[in-house]
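Let's learn to read a few features of a protein model together. Have the sequence and coordinates open as we talk.

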Amino acid sequence: MTVKERINRYFSEDFKRKKVSEIERNISSVSEICRQYQVSSTAVYKWIYQYSMMRKKGVKQVVEAKSDSRKIQALQEKIKEMERIIGEKQIKIDFQAKMIEIAEKEYRVDIKKKFSGKHSSGTGSKDPFTK
């Protein structure tokens, strides 16, 4: 459409209200309406200012790009997967600790190293020439 053709167009109040409602319910975005009906974003924002029920109630609408929503959803799924993996690892650690405890009781052997406050002063070498 050329500029001359766009100047003579008129959108009914009902149409404007319907499009503003779609924006408020996140069915359409301002840019989609601008492209689809070849209207400037300024005109659409004027419609929002004039017909928005949320604006009249004093509610601010958070506009979130669909790509941001997808990123958030992907990150939430990644968090769930990591929590599942951590849970499995914790179960494995608990199982191994219980097995060590049972083996220590059964065979009367100290499998876990018991650390005392005393540290070794030597290198462990019995060679008299090393210092």
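What follows is a short dialogue on helix packing, a lysine and backbone angles.

Q: What should I know before reading any values?

A: This is a predicted model, where local features need pLDDT of at least 70, side-chain atom pairs count only at pLDDT 80 or more, and totals for chains, interfaces and linings use all residues. Residues are numbered from 1 along each chain as its sequence is written, and side-chain values use heavy atoms, with hydrogens and water left out.

Q: How do α2 and α4 pack?

A: Two packed helices are described by the angle between their axes and the distance between the axes. Here α2 (residues 13-24) and α4 (residues 41-51) have axes 9 Å apart, at an angle of about 90°. They are therefore roughly perpendicular (65 to 115 degrees). On α2 the contact (heavy atoms within 4.5 Å) involves E13, F15, K16, R17, K19, V20 and I23, and on α4 V44, W47, I48 and Y51. These residues comprise 7 nonpolar, no polar and 4 charged.

Q: Which side chain of opposite charge is nearest to K16?

A: That is E13, 7.6 Å away; K16 is buried yet has no salt bridge. Buried means under 20% relative accessible area, exposed over 50%, partly exposed in between (1.4 Å probe, protein chains only). A salt bridge needs a side-chain nitrogen of Lys or Arg within 4 Å of a carboxyl oxygen of Asp or Glu. Leaving aside neighbours within four places in sequence, K16 touches F11, W47 and Y51.

Q: Where is N26, and what is its phi?

A: Most residues other than glycine have a negative phi. N26, in the loop between α2 and α3, has a positive phi of about 60° and is exposed at 55% relative accessible area.

Conventions
Helix = DSSP H or I, 4+ residues; strand = E, 2+ residues; numbered from the N terminus. Lys, Arg positive; Asp, Glu negative; His and termini not counted. Axes fitted to C-alpha atoms, helices over the stretch in contact; angles between N-to-C directions. Parallel < 35°, antiparallel > 145°, perpendicular 65-115°, else oblique. Nonpolar A, V, L, I, M, F, W, Y, C, P; charged D, E, K, R; others polar.
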